[in-house]
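Here is a set of questions and answers for working through a structure step by step. Keep the sequence and the 3D view at hand, and try each question before reading on.

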Amino acid sequence: SRWGSRQRSGCGCRARAGSSGVSRMKVVPRRRRDNSDGWYSGKHMPKDTVVGRGLLKRALKVGSLVLEVGGQFKRINLRHRLRFEAPQSIFEGGSAGTSAGARYTKYSVANTLGEAIRLGASQEDFVFHLRRGFLRWLPELRAVKVTQPLPRSEWPPGIRETSYLRPFWLPEDWAHGIKTTCRTPLRVYIAPNAKTYYHREIIEQIVNRQLGGLEGMRAHAFKVLGEGRDWSEEKIKFDPDSRLFACLSKKERACLPKADDLHFCVVSARRASERTGIRGIVNVQSKLLVAGARPRWYVDEGSVKEYRALGLDAVVGGRLTPSRNKALNDAARLGKACVQISDDIIRWSYYRGALQSIRKACGGDSSRMLQRANALAKSADMLIVSPVAAARFLLAKMRAAEGGPKLGGVYPTGNAAMGLLTGTQVSTDGFILGDFFVADASPCRFDESITLKEDYDFT
């Protein structure tokens, strides 16, 4: 009962518990703030704040004020004529209403925007009257739409610039930064009128539209793919291919294929109409494009138009195993090796170093083996390689190996230490994951009656 009382207290209520437990617990509900919607929407009595007074003081200096009108931020000249039409009765009740009513008595006689500010109107007062239809512009509103973010010199105090990339959904006339008053980085979004907000859904309410959305995501995808960047707008960078190919033997380097000898295929389905899927698609496609490949996407029939809308070379492959077989058949027709890739690969990395047999060095002790593998993974030289270089590397090893293997891939784990427990860089008895593999010319195909673990059968 004491533990339960503390839990209740942690949820915003005060609790007092005695030895008898729940029977002596007193719960006091948290009071809701007036502006509990996360922004000043005009639903509640307007207030006069220190930040608001600072913004109006600056407006008097520059001769104009930025106000949000119908979801758009507009710069209005202080000489613009206006008329307030609110009945005094709406300000009755509560200290907030009394204070707002006292200010209204003074500034309601103003004939211009600047005169209303000089007579004591607060920034929230203007929002309040605009939201409720009590402010009339004479003869009609003439203003300039704001198109650029607020300059750094005009940001509110307690915010600094950030190295974080600009969110794709943030309106073009908004700025973004980091709060300096928080122990951990807290992103803050600055409206053209210098008001600050923290949540996308609040900004959507202010601008009166959905931000991002499917069309916004597609537009962002086109933009970053055209610039050779990933979804976060980071520039795609790889270690030089020569560093990876230096790990091949002389015989293997002699078998190194050209990039044009490979048919790059991405197998996907139903991922081009939601954010997580589009982000993964962009990250894979951008890496392939920067590396010089022009991949073909094998997708389900119902989604092919959505994939093509992202600018992808998409064809109908059907379900998973038919798509894999279609990719293999297309590669065979082109006389190329087939590279198959999943649509959510984060990166391709290769570990260089003295990867001696851990099992032999540790005498088969499993706990020591894992510790040694972790230490080895941390000390090894990790290369970030392109998917094209990775595929060429695998095919060179396959073609130089004895026995003529036709399938090459990677160990099915993202944990480097677990991968090193195999003891050798290359083996011929491991399971090859379907997320990334190279298939050389071969009559082998996937069994289309297997719909879940199809890569087990192919391996």
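Q: In which sense do β13 and strand β17 pair?
A: In this predicted model, strand β17 covers residues 436-439, and four bridges join β17 to β13. Within this pairing, C338 stands opposite A439 in β17. The sense in which β13 and β17 pair is antiparallel.

Q: Which way do strand β10 and β13 run, parallel or antiparallel?
A: Strand β10, made of residues 262-267, is joined to β13 by six bridges. One place to look is V267, which stands opposite S342 in β13. Strands β10 and β13 run parallel.

Q: How many of the six residues of strand β13 are buried?
A: On one side of β13 lie A337, V339 and I341, and on the other lie C338, Q340 and S342. Both of these faces are covered, and the residues named on them are all buried. For strand β13, residues 337-342, the number of buried residues is therefore six of six, where buried means under 20% relative accessible area.

Q: Which helix gives the most residues to the largest nonpolar core?
A: The largest nonpolar core has 60 residues, and W174, I203, F264 and I341 touch the most other members. The helix that gives the most to this core, with nine residues, is α15.

Q: Which residues of helix α15 are in contact with F264, leaving aside neighbours within four places in sequence?
A: Leaving aside its neighbours within four places in sequence, F264 is in contact with A259, L288, A293, P295, R296, V339, I341, P387, V388 and A391. Helix α15 covers residues 387-400. The contacts of F264 that fall in this range are P387, V388 and A391.

Q: How far apart are the C-alpha atoms of F393 and F245?
A: F393 is found in helix α15, and F393 is buried, with a relative accessible area of 6%. Leaving aside neighbours within four places in sequence, the contacts of F393 are L244, F245, C247, L248, L256 and Y350. Although F393 and F245 are 148 residues apart along the chain, their C-alpha atoms are separated by 6.8 Å.

Q: Why do the buried residues of α14 line one face of the helix?
A: The buried residues of α14 are M369, A373, L376 and A377. An α-helix has 3.6 residues a turn, so residues three or four places apart point the same way. Seen down the axis of α14, the buried residues line one face because they fall within an arc of 100 degrees.

Q: Which exposed residues does α14 carry on the face turned away from its buried side?
A: The buried side of α14 includes M369 and L376 among its buried residues. On the face turned away from that side, α14 carries the exposed residues Q371, K378 and S379.

Q: What span should helix α14 have at 1.5 Å a residue?
A: Helix α14 has 14 residues, running from 366 to 379. Its end C-alpha atoms are 20 Å apart, which agrees with the expected span of 20 Å.

Q: Which are the edge strands of the open sheet with the order β6-β7-β8-β9?
A: This open sheet has four strands with antiparallel pairing. Inside it, strand β7 (residues 175-179) and strand β8 (residues 187-190) pair over four bridges, and the bridge partner of I178 in β8 is R187. The edge strands each pair on one side only, and they are β6 (159-160) and β9 (196-197).

Q: How many residues apart in sequence are the parts that E68 and R131 tie together?
A: Side chains of opposite charge can pair when their charged atoms come close. E68 forms a salt bridge with R131, with the closest N and O atoms 2.6 Å apart. E68 is buried, with a relative accessible area of 12%, whereas R131 counts as partly exposed at 34%. E68 lies in strand β1 and R131 in helix α5, so the pair ties together parts whose separation in sequence is 63 residues.

Q: Is E233 buried or partly exposed?
A: The side chains of E233 and K223 meet in a salt bridge at 3.9 Å, N to O. K223, in helix α7, counts as partly exposed at 40% relative accessibility. At 18% relative accessibility, E233 counts as buried.

Definitions and conventions. Residues numbered from 1 in each chain as written. Predicted model: local features only at pLDDT ≥ 70, side-chain atom pairs only at ≥ 80, totals over all residues. Heavy atoms only, no water. Helix = DSSP H or I, 4+ residues; strand = E, 2+ residues; numbered from the N terminus. Expected span 1.5 Å × (residues − 1). Buried < 20%, exposed > 50% of the residue type's maximum accessible area, 1.4 Å probe, protein only. Arc of directions from axis to C-beta. Pairing = 2+ DSSP bridges. Core = buried A, V, L, I, M, F, W, Y, C linked by side-chain atoms within 4.5 Å. Contact = heavy atoms within 4.5 Å. Salt bridge = Lys/Arg side-chain N within 4 Å of Asp/Glu carboxyl O.
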